[in-house]
Amino acid sequence: MTTEELTNNVLIALEEIRPFLKSDGGDIQLISIEDGKHVTVRLVGACSNCSVNQMTLKAGVETTIKRHAPQVETVVNIE
């Protein structure tokens, strides 16, 4: 998968999860993809300081990204 295809697949995954985040007053931004397998995102709005944002990141965001881009190994949130 090319860098462009990987980026596109990650963006598709984020669009899939975005309505759920927005329903709680939050959103998500793609910050970077390193070495084709490490994705950095930023949870914003209500999601940035939510007490369950790490669960959202792992159970929702990471799972969705890995379904669209199986080579991704890690997904981290920066503040």
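The following questions and answers cover the core, one helix, one backbone angle and the salt bridges of a predicted model.

Residues are numbered from 1 along each chain as its sequence is written, and side-chain values use heavy atoms, with hydrogens and water left out. Local features need pLDDT of at least 70 and side-chain atom pairs count only at pLDDT 80 or more, while totals for chains, interfaces and linings use all residues.

Visitor: Which element gives the most to the largest nonpolar core?
Guide: A nonpolar core is a set of buried Ala, Val, Leu, Ile, Met, Phe, Trp, Tyr and Cys residues joined through side-chain atoms within 4.5 Å; buried means under 20% relative accessible area, exposed over 50%, partly exposed in between (1.4 Å probe, protein chains only). The largest one has 17 residues, and V61, I65 and V75 have the most contacts inside it. At least two core residues come from each of α1 (3-23), β2 (38-45) and α2 (53-68), where helices (H or I, at least four residues) and strands (E, at least two) are DSSP runs numbered from the N terminus. With six residues, the element that gives the most is α1.

Visitor: At which residue does α2 bend, and by about how many degrees?
Guide: The bend at a residue is the angle between axes fitted to the seven residues ending there and the seven starting there. In α2, the buried residues include L57, V61, E62 and I65. The bend falls at E62 and is about 30°.

Visitor: What is the phi of D35?
Guide: Most residues other than glycine have a negative phi. D35 is in the loop between β1 (26-34) and β2, and counts as exposed because its relative accessibility is 67%. Although D35 is not a glycine, its phi is positive, at about 55°.

Visitor: How far apart are the closest N and O atoms of E16 and R67?
Guide: A salt bridge is a side-chain nitrogen of Lys or Arg within 4 Å of a carboxyl oxygen of Asp or Glu. E16 and R67 form one, linking helix α1 to helix α2 across 51 residues. E16 is partly exposed at 35% relative accessibility, whereas R67 is exposed at 53%. Their closest N and O atoms are apart by 2.3 Å.

Visitor: Which residue forms a salt bridge with E73?
Guide: E73 lies in the loop between α2 and β3 (74-77). Its partner lies in the loop between β1 and β2, so the pair ties together parts that are 36 residues apart in sequence. With the closest N and O atoms 3.9 Å apart, the partner is K37.

Terms used. Contact = heavy atoms within 4.5 Å.
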